[in-house]
Amino acid sequence: NPIAMVRFYMEKGTHKGLYKSIQKTLKFFQTFALLEIVHCLIGIVPTSVIVAGVQVSSRIFMVWLITHSIKPIQNEESVVLFLVAWTVTEITRYSFYTFSLLDHLPYFIKWARYNFFIILYPVGVVGELLTIYAALPYVKKTGMFSIRLPNKYNVSFDYYYFLLITMASYIPLFPQLYFHMLRQRRKVLHGEVIVEKDD
């Protein structure tokens with residue numbers, strides 16, 4: 001995926017069309033990441049189920065319900081932001097897991113796992129938020145995924161307002177995930193004993 005992204009940019013000299021060229025691979029791997037939640041549940045991967053669940057579900061949402069469904073936004077620069085952030089994050093995370101399982105973890109991989117996120121998390125979040133923001137006018141104009149009253153089920157759903165609520169949910173969720181990673185970083189890289197309060 002990162003090689004495909006770099007090659008595309010080198011050949012075309014633009015990000016326009018990048019999403020379209022890598023979308024099949026992106027959809028496959030991000031949907032396949034649902035297994036990561038299972039891996040957390042059964043203990044293969046030492047990550048919190050809640051942390052993995054939030055990350056995986058937000059990515060699947062971004063892939064299928066935003067960039068796949070709303071074609072006019074696929075060439076936004078913000079799409080490149082979250083794609084690059086996701087890609088580098090996953091390379092470091094899966095390298096970390098692989099070497100850990102093999103009982104041979106190079107210090108650089110460990111260092112990258114607990115340092116790259118400091119920049120990549122905010123970059124990814126900004127990319128996601130700007131992409132959802134770019135989708136809003138299209139969603140409002142088309143009424144996509146919305147259910148209007150009256151209908152036989154007497155239920156209404158407005159995707160436009162759902163997206164606004166989703167954007168607002170980043171305000172409490174992002175700091176929690178970010179500070180969780182910072183605590184993990186202190187524990188792993190600096191050997192600090194962190195007492196987690198039970199919720």
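Which helices each supply at least two residues of the lining of the second largest cavity? In this predicted model, they are α5, α6 (107-113) and α7 (117-142). The largest share, three residues, comes from α7. The full lining consists of Thr89, Thr92, Ala112, Arg113, Phe116, Phe117, Leu120, Tyr121 and Met181. Six of these residues are nonpolar, two are polar and one is charged. The volume enclosed is about 40 Å³.

This cavity is one of two that reach 30 Å³ or more in a search of the whole structure. The largest has a volume of about 60 Å³. Its lining is made up of Gln30, Ala33, Glu36, Ala52, Gln55, Val56, Arg59, Glu90 and Arg93. Two elements give two or more residues to this lining, α4 (49-68) and α5 (77-101). Helix α4 gives the most, with four residues. By class, four lining residues are charged, three are nonpolar and two are polar.

The charged residues of the largest cavity also appear among the salt bridges. The structure holds three such bridges. In one of them, Arg93 pairs with Glu36, and the closest N and O atoms are 3.2 Å apart. Arg93 belongs to helix α5 and Glu36 to helix α3, so this contact links distant parts of the chain, 57 residues apart. Both partners are buried. A second salt bridge joins the side chains of Glu90 and Arg59, at 2.2 Å from N to O. Glu90 lies in helix α5 and Arg59 in helix α4, so this pair ties together parts that are 31 residues apart in sequence. Glu90 is buried, and Arg59 is buried too. Glu36, Arg59, Glu90 and Arg93 are among the residues that line the largest cavity.

The remaining salt bridge involves Arg148 and Asp158. Their closest N and O atoms are 3.2 Å apart. Both residues lie in the loop between α7 and α8 (159-190), so the pair ties together parts that are ten residues apart in sequence. Arg148 is partly exposed, with a relative accessible area of 47%. Asp158 also counts as partly exposed, at 25% relative accessibility.

The surface was examined for nonpolar patches. One such patch is formed by Phe28, Phe29, Phe32, Leu35, Val38, Leu41, Ile42, Ile44, Val49 and Leu101. Together these residues have about 980 Å² of accessible area. Helices α2 (18-32) and α3 (34-42) each supply at least two residues of the patch. The largest share comes from α3, with four residues.

Ile42 is one of the residues in the patch. This residue lies in helix α3. Is Ile42 buried or exposed? Its relative accessible area is 59%. Exposed means over 50%, so Ile42 counts as exposed.

Helix α3 thus enters the description in two places. It provides four residues of the nonpolar patch. It also carries Glu36, the partner of Arg93 in a salt bridge. Helix α5 likewise recurs. It holds Arg93 and Glu90, and it supplies at least two residues to the lining of the second largest cavity.

Terms used. Residues are numbered from 1 along each chain as its sequence is written. This is a predicted model: local features need pLDDT of at least 70, side-chain atom pairs count only at pLDDT 80 or more; totals for chains, interfaces and linings use all residues. Side-chain values use heavy atoms; hydrogens and water are left out. Patches are made of residues with over 30% relative accessible area and no salt bridge: like charges are joined within 9 Å, nonpolar side chains (Val, Leu, Ile, Met, Phe, Trp, Tyr) within 5 Å. Accessible areas come from the Shrake-Rupley method with a 1.4 Å probe; for residues, only the protein chains shown count as cover. A salt bridge is a side-chain nitrogen of Lys or Arg within 4 Å of a carboxyl oxygen of Asp or Glu. Buried means under 20% relative accessible area, exposed over 50%, partly exposed in between (1.4 Å probe, protein chains only). On a 1 Å grid over the protein atoms alone, a cavity is a set of points where a 1.4 Å probe fits but cannot get out, and a pocket is an open set with protein on both sides within 12 Å along at least five of seven lines; lining residues have an atom within 4 Å of a point. Grid points are joined across faces, edges and corners, and a volume is the space filled by probe spheres set on the points. Ala, Val, Leu, Ile, Met, Phe, Trp, Tyr, Cys and Pro count as nonpolar, Asp, Glu, Lys and Arg as charged, and the others, Gly among them, as polar.
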